[in-house]
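Please open the structure in your viewer and keep the sequence at hand. The tour below proposes a series of selections and describes what each one shows.

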Amino acid sequence: MPLIASIDTKLVSRWVPSPNFGPRADGRAPDMLLLHYTGMPSHDAALAWLTDAQSKVSAHYLIDCDGTITQMVAEDKRAWHAGRAYWAGESDINSCSIGIEIHNPGYEGGYPDFPEEQMQAVVALCRDICARHAIAPGRVLAHSDVAPKRKPDPGEKFDWARLYRNGVGLWVPAAPIEGDAGLGPGDQGATVEELQRALARFGYGIKPSAVYDQATSQVVTAFQRHWRPQRVDGRADRSTIATLARLETLAAGA
Ligand SMILES: [Zn+2]
C-alpha cells in the first residue's frame with residue numbers, strides 16, 4: 001500500500017507515519033484546530049518522539065523551523081496530542097481536532113521567536129485545514145486554551161494576529177493596558193464570578209465559584225497567552241476583561 005495515499009494536503013513535504021493514533025469517537029469529522037509547540041531541543045528529536053510507539057503521543061503535522069511540513073497521522077484519524085483537556089463542553093479534544101506541532105524548544109529551551117519561514121508554513125497549513133474542514137474561527141485554539149493547568153504552548157510569542165489576517169481563527173486587538181491591578185488570587189465576589197462565567201461561556205474549562213483560585217489564575221494566563229500577549233500575569237485587569245468581551249462579541253457574529 002503506497003504511504004502517499006494517506007497524505008491529506010499537497011503542502012506536506014513528507015510522510016513519516018506515527019503508530020500513535022486511533023479512530024475518532026463516533027467517526028466524527030474534525031471541527032477544531034489545535035496548535036502546539038514541541039518544547040523539545042530539536043525538530044528531529046520531536047519527530048522521533050512523536051513517531052515512537054513508546055511515547056503514546058503524536059500529532060497530525062509537525063512544522064520545522066525552515067517551514068518543512070511532515071504529516072504523521074491521517075486527518076480522519078484521532079492523533080494523541082491534547083491529553084486531558086476541555087473546551088466548550090467537550091473533553092475528548094483529540095476526537096474533534098486536528099493537531100499541529102510547531103517546532104520550538106519552548107520556555108525551557110529559551111523560547112526563541114518563530115522564524116518567518118516556519119510562520120509562512122503554519123499560515124498555509126492552517127488556511128488549508130480550516131477551509132477543507134470548515135473550522136469555525138473560535139475553534140482555532142492553543143493547547144494552553146484546552147489544558148490551562150498543564151500546558152503553556154504555543155505561548156505568547158506565537159503570532160495569532162497574523163493567522164487572523166490570513167482568515168484563520170478569532171482575534172481582536174487587545175484593549176489597552178491601563179495599569180490597574182485588576183482581579184487576582186485571593187479576590188472573591190460577584191465580579192470574580194462574572195469573569196469566571198464569561199471565560200466558561202467562551203469555552204474555557206472553569207467552574208464559577210466567585211473565588212479567584214489557582215485554576216482561575218491558570219485560565220486567565222492561558223487567555224492572555226493567546227489574546228492579550230502584551231502582559232501574561234494571570235491577573236484579570238481591565239484590559240483582559242475588555243478583550244474577552246470584544247472576543248465574545250466577535251465570536252457571536254462570526
Ligand atoms: Zn502541546
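The stops that follow lead from the sheet to a metal site, a helix, some loops and the aromatic rings. Please keep in mind throughout that this is a predicted model.

**The sheet**

Begin by displaying the strands. Six of them form an open sheet with mixed pairing, in the order E1-E5-E4-E7-E3-E8. The edges are strand E1 (14–15) and E8, each of which pairs on one side only.

Select E4 and E5 next. These two strands run antiparallel and are joined by three bridges. Within this pairing, Ile63 stands opposite Ile69 of E5.

Now move to E3. Which strands pair with E3 in the parallel sense? One is E7, over six bridges, and another is E8, over three bridges. To see individual partners, select Leu34, whose bridge partner in E7 is Gly99. Then select Leu33, which stands opposite Val140 in E8.

Is E3 mostly covered or mostly uncovered? Six of its six residues are buried, so E3 is mostly covered, buried meaning under 20% relative accessible area. Met32, Leu34 and His36 are buried on one side, and Leu33, Leu35 and Tyr37 are buried on the other.

**The zinc ion**

From E3, keep His36 selected and add the zinc ion. Which residues coordinate the zinc ion? His36 and His143 do so through ND1, and Asp153 through OD, at 2.1 Å. Along the sequence, these donor residues follow the spacing H-x106-H-x9-D. His36 belongs to strand E3 and His143 to helix H4 (residues 143–146), so this pair ties together parts that are 107 residues apart in sequence. Both His36 and His143 are buried.

Extend the selection from Asp153 to Pro154. The peptide bond between these two residues is cis, with omega near 5 degrees. Pro154 is located in the loop between H4 and H5.

**Helix H3**

Select residues 116–133, which make up helix H3. This helix has 18 residues and reaches 26 Å from its first C-alpha to its last, close to the 26 Å expected at 1.5 Å a residue. Its buried residues include Met119, Val122, Leu125 and Ile129. Asp128 is also among the buried residues of H3.

What covers the buried residues of H3? The covering elements include strands E3 (32–37), E4 (61–63), E5 (69–71), E7 (97–102) and E8 (140–142), together with helix H5 (160–165). Just after the helix comes Ala134, whose phi is positive, near 50 degrees.

**Two loop residues with positive phi**

Select Asp26, in the loop between strand E2 (21–23) and E3. Although Asp26 is not a glycine, its phi is positive, at about 60 degrees. Is Asp26 buried or exposed? Its relative accessibility is 82%, so Asp26 counts as exposed.

Then select Tyr111, in the loop between E7 and H3. Tyr111 is likewise not a glycine and has a positive phi, of about 45 degrees. With a relative accessible area of 5%, Tyr111 is buried.

**The aromatic rings**

Remain at Tyr111 and add Tyr37, Tyr107, Phe114, Phe158 and Trp160: together these residues form one aromatic cluster. Add Lys157 as well, whose charged end sits over the ring of Tyr111, 5.1 Å from its centre.

The model contains twelve aromatic pairs. For one of them, select Trp87 and Tyr204: the ring centres are 4.8 Å apart and the planes stand at 70 degrees, so the pair is edge-to-face. Trp87 lies in the loop between strand E6 (77–79) and helix H2 (93–96), while Tyr204 lies in the loop between helix H6 (190–202) and helix H7 (214–227). The pair therefore links distant parts of the chain, 117 residues apart. Trp87 and Tyr204 are both buried.

Finish with Phe202 and Phe223. They form an edge-to-face pair, with 6.5 Å from centre to centre and 75 degrees between the planes. Phe202 lies in helix H6 and Phe223 in helix H7, so the pair ties together parts that are 21 residues apart in sequence. Phe202 counts as buried at 12% relative accessibility, and Phe223 is buried with a relative accessible area of 1%.

How values were computed. Residues are numbered from 1 along each chain as its sequence is written. This is a predicted model: local features need pLDDT of at least 70, side-chain atom pairs count only at pLDDT 80 or more; totals for chains, interfaces and linings use all residues. Side-chain values use heavy atoms; hydrogens and water are left out. Helices (H or I, at least four residues) and strands (E, at least two) are DSSP runs, numbered from the N terminus. The expected span of a helix is 1.5 Å times one less than its number of residues. Buried means under 20% relative accessible area, exposed over 50%, partly exposed in between (1.4 Å probe, protein chains only). Contact means heavy atoms within 4.5 Å. Two strands pair if DSSP finds at least two bridges between them. Donors are N, O and S atoms within 2.8 Å of the metal (3.2 Å for Na, K and Ca); water is not among the atoms, so sites may look incomplete. Rings of Phe, Tyr and Trp (its six-membered ring) pair if their centres lie within 6.5 Å; planes under 30 degrees apart count as stacked, over 60 as edge-to-face and the rest as tilted. A charge sits over a ring if NZ of Lys or CZ of Arg is within 6 Å of the ring centre and within 35 degrees of the ring normal.
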